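The following paragraphs lead through one protein structure, beginning with the surroundings of a single residue and ending with the chain as a whole. Please keep the sequence and the structure in view while reading.

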Amino acid sequence: MTDTNVGGDVFFVLMGAILVFAMHGGFAFLEVGTVRQKNQVNALVKILVDFAISTVAYFFVGFAVAYGTSFFVNAATLSGGGGGFELQGLTLVKFFFLTTFAAAIPAIISGGIAERMKFLPQCLATAVLVGIVYPIFEGIVWNSNFGFQGWLEASFGVPFHDFAGSVVVHAVGGWIALGAVVLLGARRGRYDSRGKPIGIPPSSLPWLAMGSWMLCVGWFGFNVMSAQSLSGISGLVAINSLMAMVGGILTALIAGRNDPGFVHNGALAGLVAVCAGSDIMHPIGSLIVGGIAGVIFVKGFEFCQNRLKIDDVLGVWPLHGICGAWGGLAAGVFGLESLGGLGGVSPLSQIAGTLAGVAYALVVGFVVYGVLKRFVGIRLSAENEHLGADLAIHKISANPEHDLGR
């Protein structure tokens, strides 16, 4: 490659990293708008601190676990090529880009455990999840570690296909979150003595909506720039992402009976589901996949909260966990040439890869948060939960002047 081509790739991947980094603001404000006002500061601080911890953990440990590349070399090697590094720091911006993906794991979990999780244990969980747990599965799928992809290819003709992380990122994050939410238990006052749900409305629909918009915009960097090179870019990915997003919005509007929370999360459900097959599906197939995801989220959220009595505050298990798994499976159907896709996928490989991701994430979710619960404790005291995480943990509320009675 010429220096110009490498420079173009560096800029392309860097812009993708910046777009996905901006999505973390979307995670933050989606949570801010959903939780009660007494927990808004905690939501903002959690997402930012989790990103910082994720970056450090992924830099020193996680990237090497997934891709076998360590940064313990001099700066000339890092930026000039050689020693496994690409010219002009291309490997470095790829690290930045993939860090924003890795940091999505604790950002996803944050929405499920909101309003009653202790701060320090979550920081410890983030370090373990991003440093070790997530990179193991990431490396299995995206770097063919441990031979799993080779086995699928030998068995079914093609490996597991997950272009932008429906399963690797979203399903893994959502199913880890399920373990954390179950171990934490429901918020106090969420269910009455007979187990009947007591509604806790969002604190700010405008903040929630802004979080959704930020995520939607950044998602085009998440999906399109997963090509990680200018030569690999495809307009098909962009249009498939768009069609899945609007499909999720429209079906969530109908299934959710005009509920604004469902509408704004429906867009995200469609985008979660299209990640895996966004590079191979026909736009009509993507519209269908996103539309189904919108219904899955609405019905899954209601089933989770009302029937299973699992207090997943932002519905991250149905949104990321179940819709992510649906996306992994859907790529193996709507990516087929017979349904207008580009082919190169096998339904059996998609089933195997998706189930592997779900099982792995569910187990490690219970293990990581179970160990923390046993030895550190993960839940705020009843008094601090009533006071709110803002004052209990950060000693300040979202509106400090109100604390002074002004």
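Leaving aside residues up to four places away in sequence, histidine 24 touches Ile47, Phe51, Thr100, Ala103, Ala104 and Ala107. The model in which these contacts occur is a predicted one. Histidine 24 itself belongs to helix H1, which covers residues 3–34. Its relative accessible area is 4%, and because the cut-off for a buried residue is under 20%, histidine 24 counts as buried.

Two of the contacts of histidine 24, Ala104 and Ala107, lead to helix H5, where both residues are buried. This helix comprises residues 104–112 and is mostly covered, with nine of its nine residues buried. Besides the two alanines, the buried residues of H5 include Ile105, Pro106, Ile108 and Ile109, and also Ser110, Gly111 and Gly112.

The aromatic side chains may be considered next. The chain contains 24 aromatic pairs. One of them joins phenylalanine 63 and phenylalanine 95: the ring centres are 5.7 Å apart and the planes stand at 90 degrees, so the arrangement is edge-to-face. This pair links distant parts of the chain, since phenylalanine 63 lies in helix H2 and phenylalanine 95 lies in helix H4 (residues 90–102), with their positions 32 residues apart in the numbering. Both phenylalanine 63 and phenylalanine 95 are buried.

A further edge-to-face pair is formed by phenylalanine 101 and tryptophan 142, with 6.2 Å from centre to centre and 70 degrees between the planes. Here too the partners come from distant parts of the chain: phenylalanine 101 is in helix H4, tryptophan 142 is in helix H6 (residues 119–142), and they are 41 residues apart. Are the two partners buried or partly exposed? Phenylalanine 101 has a relative accessible area of 1% and is therefore buried, whereas tryptophan 142, at 24%, is partly exposed.

Phenylalanine 63 and phenylalanine 95 also belong to one aromatic cluster, together with Tyr58, Phe59, Phe60, Tyr67, Phe71, Phe72 and Phe85. Among the members of this cluster, Phe59, Phe60 and Phe72 also appear in a nonpolar surface patch of about 620 Å². The patch is completed by Val56, Val61, Val65 and Ile132. Which helix gives the most to this patch? Helix H2, residues 40–67, does so with five residues. Valine 61 has its place in that helix, and its relative accessibility of 37% is why it counts as partly exposed.

The view can now be widened to the whole chain. Its secondary structure comes to 17 helices and two strands. The radius of gyration is 21 Å, close to the 22 Å that the globule rule gives for 406 residues, so the chain is as compact as a globular protein of that length. Along the principal axes, the C-alpha trace spans about 65 × 50 × 40 Å.

Of the 406 residues in the chain, 55% are buried. Among contacts with a separation of 6 or more, 77% are accounted for by residues 24 or more positions apart. The exposed surface of the chain amounts to about 15800 Å², of which carbon and sulfur atoms supply 69%.

Note on methods:
Residues numbered from 1 in each chain as written. Predicted model: local features only at pLDDT ≥ 70, side-chain atom pairs only at ≥ 80, totals over all residues. Heavy atoms only, no water. Buried < 20%, exposed > 50% of the residue type's maximum accessible area, 1.4 Å probe, protein only. Helix = DSSP H or I, 4+ residues; strand = E, 2+ residues; numbered from the N terminus. Patch = residues over 30% accessible without salt bridge, like charges linked within 9 Å, V, L, I, M, F, W, Y side chains within 5 Å. Areas by Shrake-Rupley, 256 points an atom, 1.4 Å probe, with all protein chains shown as cover. Salt bridge = Lys/Arg side-chain N within 4 Å of Asp/Glu carboxyl O. Rg over C-alpha atoms; globule rule 2.2 N^0.38 Å. Contact = heavy atoms within 4.5 Å. Phe/Tyr/Trp six-rings, centres within 6.5 Å; stacked < 30°, edge-to-face > 60°.
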